[in-house]
Amino acid sequence: YTLAYNVGVVSDYRFRGIAQTSKKPAIQGGIDLTLKSGLYLGTFLSNVRWIKDFNGATKGSLEMDLYGGYKTEIVKDLTLDVGLITYRYPGNNSGDAGTPGAGLFSKADTNEWYAAGTYGMFTLKYSHAMGNFLGNLNSSGSDYVDLSAAVDLGNGYSLTPHIGHQRVKNIDVASYTDYSLTLAKDFGNGFSGTLAAIGSDAKKSFYTDYNGKFIGNNTVVIGAKYTF
């Protein structure tokens, strides 16, 4: 097995094109355990602000993801990856009485299953929510499809174009397409950096938070990570 740890920082934490920290920096970290059989487990942590700023909660400033799955090569150059992930926001009171979003949202915690296929440089992934999606009421069955490519530019550089579509079930105005282009540099000894141009066609009428910020805007995000 292999066990890897990582810690990093980004100038703006974006999840599927949407700002998670109200366009402010985030400190992040994670642990990944990979077995020779193809089974894997991992966790990811980050500070967030959207539960308070968008869902109107008074508690919920940490994201803690737990995931596990199985990844295997079916035939030469074709890899299948299937698994489960839970996005947890400890202590969040999204939708609770006494908050600005009372009755408008459910708890922010979200569970998804996913399946991805990678052929050469291309990866196609499908994610499906089991239960409400990020606190949106009656949104069980929401899904996300994304296509990306990993282009090796040599000398430690790589370029990753991406496009995805988030469908929020029963809330058409919340559905949108996001896109990005990420340039990464591996500096060696576990250090890496990223520069990403990110955008979406998310609707301002839905994705504007309680502070008047549109959290689906186009932006550039800088990131740095150390893996050990």
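Begin by selecting S139, which sits in the loop between β9 (122-129) and β10 (143-149); bear in mind throughout that the model is predicted. With a relative accessibility of 0%, S139 counts as buried, because the cut-off for that class is under 20%. If you display its polar contacts, you will find the side chain of S139 reaching the backbone nitrogen of F133 at 2.7 Å. Widen the selection to the residues in contact with S139, leaving aside neighbours within four places in sequence, and G131, N132, F133, V168 and K169 appear.

Next, move to S127, which lies in strand β9. This serine is also buried, its relative accessible area being 3%. Beyond its neighbours within four places in sequence, S127 is in contact with R16, E112, W113, Y114, S142, D143 and Y144. For a sense of distance, add L41 to the selection: 86 residues separate S127 and L41 along the chain, and their C-alpha atoms are 17 Å apart.

Now turn to the strands further along, selecting β13 (residues 176-188) together with β14 (residues 191-200), which run antiparallel and are joined by 10 bridges. To check the register by eye, pick D178, which stands opposite S200 in β14. The two strands form a hairpin with two residues between them, and in the turn N189 has a positive phi of about 60°.

Finally, keep β14 selected and add strand β15 (residues 219-227), which runs antiparallel to β14 and is joined to β14 by eight bridges. Here the pair to pick is G193 and A224, since G193 stands opposite A224 in β15.

Terms used: Residues numbered from 1 in each chain as written. Predicted model: local features only at pLDDT ≥ 70, side-chain atom pairs only at ≥ 80, totals over all residues. Heavy atoms only, no water. Pairing = 2+ DSSP bridges. Helix = DSSP H or I, 4+ residues; strand = E, 2+ residues; numbered from the N terminus. Buried < 20%, exposed > 50% of the residue type's maximum accessible area, 1.4 Å probe, protein only. Polar contact = N/O pair within 3.5 Å; in protein donor to acceptor, adjacent residues only side chain to side chain. Contact = heavy atoms within 4.5 Å.
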